[in-house]
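Let's take a look at the pockets in this one. Here is the structure to keep open while you read.

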Amino acid sequence: MIIGLAALAVFAIICLLAIGLAYTAGESIRASRHQSYGGSTYAQLVHDKDDLNRMGFPQLLLRNYGSGAAFGLSFQQLGLIAGMIAVYGLAIEHGGWTVIGWGWLILGLFGIATGAALAELSSAFPTAGGPYHWALALGGVRWSWVTGLLHWAGHIAMLALTNYFGGKMLDTFAATSLGYRSGSGTTLAWMALFYVLQWRLNLIRARQMRRTLGLGTILTVGIAVFAIAGIVWLIWPGAAPAASLFDSGIMLGNAGLVDSSATSVSGWLIGLLLLQRMFIGSEGGAAGAEETADPRVRSAWAIFLSPVYMFVLGFVLLCTVTISLPFVTNYTYLPYGSWVAAIMQPWLRWDTIVMLLLIFGVLLSGVQNMNVISRTLFAASRDGVLPERFRTGRISARTGKPSAAITYSAVVAGGCGLVYIGWMGGGSSPLIALIGFSIIAIQLACAIPIGLRLLGNKEKVRTKLATAPWKLGFIGTGVSWLAWGGMIVSAAGCMLLLSPYAGAAAGGLILFAWLASLVRGNAFKQRLQTASKRSRAELQRIERKFGPLFLDGK
C-alpha cells in the first residue's frame, strides 16, 4: 500500500512539473512580441512565409496544418500503440513488471524534459530540417551533417522496427484466420505492404494528410481508452495487485506467480532502455514546421505536449495491461508483440475489429515516421547536400509535398528494413540491436543541438534563440542539461547493454558524415551563404517556379 502511494506521489509530482513548464512557456509567449493571426488564415500564412524568407528559405511546402495536425505529427511519431506492440513484451521479458512501474516514471521525467528542450529549439528555428537545421544554426556544417545523417538513419531503423512488428502481428492473425502457415517469408511480405501503404499515404494531398493526422491521433487515444476501460470492466477486481508493479517480491494475483525476471540489475536496465523507444521521436513535429501555421508556437507546443500525453496515457494503459497478465495463459506471446492477441482473450468475439484497429494504428504511426525521413531528406537536398538531379529538394505542385524525397525515402527505408530483417531474422538479438541503434542515433541527433546550445558560444546562442517565443526563461538551461544528460546516458547504455554493434554502426555513420563534410563542406557552406543573401524578389521567383500556390490553398 505504501509503495503504491509513493509511486502515485512521484507520478503526481512529474505531472505538476509538466504543468509548471507549460505555464512558464505560456507566460513567455504572452510576454514576447510574437504576433499570431488566429482570426485570419491568409494573414497568418503571409506572416509565416515572410518569417521563413527572413531565414533565407523560400516557402515551397503547402501550409495546411493547425494545432491538431501539428500535435499529431509528434504524438504519432512517439507511437503509443506501435511502440507498445514493439517493445512492451521485450521490456517485460528482460526487466520484469517494475520496469513498467518505476521505469516509466523515470522515462517520463527525462522524456518531458527532452520535449521542453527541443520545443525551445523548434520555436527558434521553425524549419522542416528539425535537428539538422538546429545544429546547422548553432554549430555549423560539420555538426549539421552528423546530426542529419544520424536523425535520418535512426528513423529508418525505427520505421523498420514498427513495420516488422506490425507485419508479424498481422501475419500471425491472418494465418490463424485464413489457415495458411506463417513464416519469415509471409512476415516480410506483410512488412513490405506496410512500406507501400505508408509511401502511398505520404503522397496524398496536404489537406487529406491533415485529416489523416487527426484521425490517427483520435484512433490512438481511442484504442488506449477502450483498452483501459475494457480490461477494467471485464477483469477487475480479479487482476494482480497494482503494488506488484513497484515491488517485484509481491505475488502476482490469483495465479500465484512471482515476478522473478527482475532479479538482475542489468536486466532491469535493459528493459528500461527498450521501453525508452516510446519516448523517442517527439521532435517529429519539427519536420512539419514549414507546413504548420504559426509554427514557432504550434510546433513547439506539439513537441512538448506529446511526451506529456504519452507519459500520462501510457502509464495508465501499460499498468492496466500489465496487472492483467496473470490471465494470459500463454506467455510465449510476450517477446514479439503478439501478446496483444492473448490479452484479448476476455473479448474474443471482437478480436477481428480490435486487431484491425491496432494494425491501422501501427500503419499511421509509420506514416509519420516516413514523413520525418522524407522531410529531413528534402531540407538537406534543398540546402545542397545532394545533387539537383535527384530532385529531392523539389515540391510537387499537385500535392504540395516533396514527392521525390518521399519516394526515395520509402525505397531506402524499405530496402534497409527488409534486407536487415531478411538477413538477420526476427530473433530477439537482431531486434534488440535494431531498437538500440534507433535510440542511439535519434538520441545523439537531438543531443547535438542541445549540447551546442549549452556548450557553444554564449553570445551566438543568445542571439539565435532570441526569436523564440516559446521559452522557459532561466529554468530552460537546467531543463536542457537534464535532457542532454539523459540522452547521453541512454545512448551509452544502449551501446553497453543492448548492442555494441549498434553503437559501432552509429559511430560509423558519424565518421562518414564528418569525412563527407570535410570533402564537400566548403562548397556547401558557400551555397548556404549565397542562399542567405537572396533578395525578397528572388525568393518569390523560386516560390512561383518550384512551389505550389499556397496562399489561396490550392
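## The largest pocket

In this predicted model, the largest pocket comes in at a volume of about 950 Å³. Its lining is made up of 35 residues. If you want to find the centre, go to Met55, Phe57, Leu136, Asp383 and Leu528, which lie nearest to it.

Which helix gives the most to this lining? That's α18, with six residues. At least two residues each come from α6 (131-139), α13 (351-383), α16 (458-465), α18 (500-532) and α19 (536-546). As for chemistry, the lining of the largest pocket is a mix: 13 nonpolar residues, 11 polar and 11 charged.

## The second largest pocket

Next up is the second largest pocket, with a volume of about 600 Å³. Here 25 residues do the lining, and Tyr420, Ala433, Leu434, Phe437 and Ala505 sit closest to the centre.

Four elements turn up with two or more lining residues in this second pocket: α7 (141-178), α14 (403-424), α15 (428-455) and α18. The largest share belongs to α14, which puts in seven residues. How many charged residues are in this lining? There are no charged residues in the lining of the second largest pocket, just 22 nonpolar and three polar ones.

## Side by side

One helix to keep an eye on is α18: it supplies at least two residues to the lining of the largest pocket, and it also gives two or more to the lining of the second largest. On the chemistry side, the lining of the largest pocket has 11 charged residues, whereas that of the second largest has no charged residues.

Definitions and conventions: Residues numbered from 1 in each chain as written. Predicted model: local features only at pLDDT ≥ 70, side-chain atom pairs only at ≥ 80, totals over all residues. Heavy atoms only, no water. 1 Å grid on protein atoms, 1.4 Å probe; cavity = no way out; pocket = protein on both sides within 12 Å on 5 of 7 lines; lining within 4 Å. Points joined across faces, edges and corners; volume = space filled by probe spheres on them. Nonpolar A, V, L, I, M, F, W, Y, C, P; charged D, E, K, R; others polar.
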